[in-house]
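Grab a coffee and work through these exercises with the model open beside you. Each task comes with a solution that goes step by step.

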Amino acid sequence: MRWQGRRGSSNVEDRRGLSGGKMVGGGIGGIILVVIVTLLSGGNVGDILGNLGSATTTSTSSTNGSYQPSAQEEELAQFVSVVLADTEEVWGELFAARGITYTDPTLVLYSGSVNSACGTATSAVGPFYCPGDAKLYIDLSFYDELQQRFQAPGDFAMAYVVAHEVGHHVQTLLGTTAKLDELRRSVSEAEYNGYSVRFELQADYLAGVWAHHVQGENLLEEGDLEEALAAASAVGDDTIQKQAQGYAVPDSFTHGTSEQRKRWFYKGFNSGTIEGGDTFSAAQL
């Protein structure tokens, strides 16, 4: 992705060097460890990942003055800031075309653990969005996880991660997140998991919409789309569960299969519109 020398977002909060308490919840990368541990201990993945939107904490953070980011990490911090700025422009224009106002989210960079309105999380959770404070939380070490654990290298793989979490912010502004929270209290666990899958696939679609408009600005380089698709595939429920225990349990899926995540991202990439991403009405995912 062509990003050097371009404008970064002013909506970045740098908390690297701060520490928080124990982990709760999960985002796009929460399945890295949370799912593995939960499956192996006989727990339910949906319960843990579902806590992200409703958990609270009274923990406090403390400064770690010895934290020294590497030059590579600093470059990555600049990169995700540029990606966030791109999402602000794209969604600002798309919302304006619908006659509504887009409110920018804040990107919080942290190291190790962080406190949010949704609770306290460790880097094992991976990147996540908290609707309670409209902030995206990313420990930049996740970039190494993408390359090494998930075999999804490339800067646009990380751009997809940011765009997916921004997609959850878009869902919050459009009222979709609130509707999903209401469903949690009125349907069975298995039914809720199904709705959660549609919710996550819609965020993948919205990430694809953003990529469509970035491509229109001639900012994508050869191989960028493939990097994003590889990242979407790598975090599919079936892939993660097979890695953890050798087999998949479809009823426990909360994010969608690798094939579904790739397909909905690509659908958004081809469409470029909000309207094409109604995963909740789709007869087949």
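**Exercise 1.** Find which residues Gly 112 touches, not counting residues up to four places away in sequence.

*Solution.* Start with the location: Gly 112 sits in the loop between strand E4 (106–110) and strand E5 (helices, H or I, of at least four residues and strands, E, of at least two are DSSP runs, numbered from the N terminus). Next, list its partners: Gly 112 touches Ala 121, Thr 122, Ser 123 and Asp 139, where contact means heavy atoms within 4.5 Å. Then check exposure: Gly 112 is partly exposed, at 37% relative accessible area (buried is under 20%, exposed over 50%, partly exposed in between, with a 1.4 Å probe and protein chains only). Finally, try a distance: from C-alpha to C-alpha, Gly 112 and Ile 138 are 10.0 Å apart in space, with their positions 26 residues apart in sequence.

A word on the ground rules: this is a predicted model, where local features need pLDDT of at least 70 and side-chain atom pairs count only at pLDDT 80 or more, while totals for chains, interfaces and linings use all residues. Residues are numbered from 1 along each chain as its sequence is written, and side-chain values use heavy atoms, with hydrogens and water left out.

**Exercise 2.** Work out whether Glu 88 is buried or exposed, and what it is in contact with.

*Solution.* First, place it: Glu 88 belongs to helix H3 (residues 71–97). Its relative accessibility is 10%, so Glu 88 counts as buried. Now set aside neighbours within four places in sequence, and the contacts of Glu 88 are Arg 7, Ser 9, Asn 11, Tyr 102 and Asp 104.

**Exercise 3.** Search the whole structure for disulfides and say what they join.

*Solution.* The search turns up one disulfide (a pair of cysteine sulfur atoms within 2.5 Å). Cys 118 and Cys 130 are the partners, 2.1 Å from S to S. Look along the S-S bond: at 95 degrees, the link of Cys 118 and Cys 130 is right-handed. Cys 118 is in the loop between strand E5 (113–116) and strand E6 (119–122), and Cys 130 is in strand E7 (residues 128–130), so the pair ties together parts 12 residues apart in sequence. Last, exposure: Cys 118 is buried at 2% relative accessible area, and Cys 130 is buried too, at 0%.

**Exercise 4.** Describe how H8 and H10 meet.

*Solution.* Begin with geometry: the axes of helix H8 (residues 224–234) and helix H10 (residues 258–271) come within 7 Å and cross at roughly 145 degrees. (Axes are lines fitted to C-alpha atoms, for helices over the stretch in contact, and angles run from 0 to 180 degrees between N-to-C directions.) Then pick out the residues: Leu 225, Ala 228, Leu 229, Ala 232 and Ser 233 of H8 meet Ser 258, Arg 261, Lys 262, Phe 265, Tyr 266 and Phe 269 of H10. Sort them, and the contact of H8 with H10 has seven nonpolar, two polar and two charged residues (Ala, Val, Leu, Ile, Met, Phe, Trp, Tyr, Cys and Pro are nonpolar, Asp, Glu, Lys and Arg charged, and the others, Gly among them, polar).

**Exercise 5.** Explain why the buried residues of H6 line one face of the helix.

*Solution.* List them: the buried residues of helix H6 (residues 176–184) are Thr 176, Thr 177 and Leu 180. Down the axis of H6, these buried residues fall within an arc of 100 degrees, so they line one face (the arc is that of the directions from the helix axis to the C-beta atoms). To finish, see what they pack against: helix H5 (155–173) and helix H7 (189–216).
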